[in-house]
Amino acid sequence: MNIQLALDRFSIEDAKAIAKEVEDHVDWIEVGTSLIKEFGMLSVKELKMTFPDKTILADMKTMDNAKYEAALCFEAGADVMTVMGAASEATITTCIQTARQYGKEVMIDLLNLTDTQKEQLKSYNDVIFCEHVSKDDQETSGSKNETTSSLFQDKRLAMAGGITEASLVRLRELKPEVVIIGSAITKADNRNQAAERLKQLSKYEEAN
Ligand SMILES: O=C([C@H](O)CO)[C@H](O)[C@H](O)COP(=O)(O)O
């Protein structure tokens, strides 16, 4: 299981400094949508230059204009980009094709989709599907990712949204390839220790 550190609502310098604090315990680094919106592709370039050996995910949340947006983030050094599962088939397919041209990968964000909509996405192969509870849902109703079963358990699966040590223990039963964690690391008093504990908990799945 890979731990993806999600970096949101920071300056690029602070994002790099936080990632440095925890780099030994995280596998992937997400350049959060907020960084991309505020600082553009410079945020992706800087994170990739600082952490060339980490998998860098650009949380583009692409909804349209796929070829342009995919090329933009892969040229900037991203290894993985996100596209919304609610986007059209043309958008998702174009993201995947463009990623293939660059030798890169796509994560499909399942935010706010019904099971029927999710079912329709199952035909995409060799992409990562992300079960995601939004920041707004977390903040307004206190919901978190407490997924106990997923239509994508037989696929490459990621989980995101308010994940903590306690929820990681439950989510790891689904054997996700990637667990995306922002606040539980970035808002911790001791980020390095928080990331280390989360990494240790994620290893249970490999041993069982
Ligand atoms: O994708 C995210 C969210 O939509 C804001 O852009 C976050 O990276 C994701 O939710 C992980 O952060 P936490 O919920 O703080 O763990």
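Here are a few friendly notes on the barrel, the ligand shell and one loop residue.

1. A word on the basis: this is a predicted model, in which local features need pLDDT of at least 70 and side-chain atom pairs count only at pLDDT 80 or more, while totals for chains, interfaces and linings use all residues. Residues are numbered from 1 along each chain as its sequence is written.

2. The barrel is closed by 8 strands in the order β1-β2-β3-β4-β5-β6-β7-β8, with parallel pairing. Strands here are DSSP runs of E with at least two residues, helices are runs of H or I with at least four, both numbered from the N terminus, and two strands pair if DSSP finds at least two bridges between them. From one strand to the next, the twist averages 25° (axes are lines fitted to C-alpha atoms, for helices over the stretch in contact; angles run from 0 to 180 degrees between N-to-C directions).

3. Strands β1 (residues 2-7) and β2 (residues 28-31) run parallel and are joined by 4 bridges. A6 stands opposite E30 in β2.

4. A6 also belongs to the ligand's surroundings: of the 19 residues there, A6, T33, K135, G182 and S183 come nearest (near means a C-beta atom, placed from the backbone, within 6 Å). The elements giving two or more residues to this shell are α2 (33-39), α7 (135-141), β8 (178-181) and α9 (183-186).

5. Do have a look at I163, in the loop between β7 (156-160) and α8 (165-171). I163 counts as buried because 25 other C-beta atoms lie within 10 Å (buried takes 20 or more, exposed 12 or fewer, partly exposed in between, with C-beta atoms placed from the backbone).
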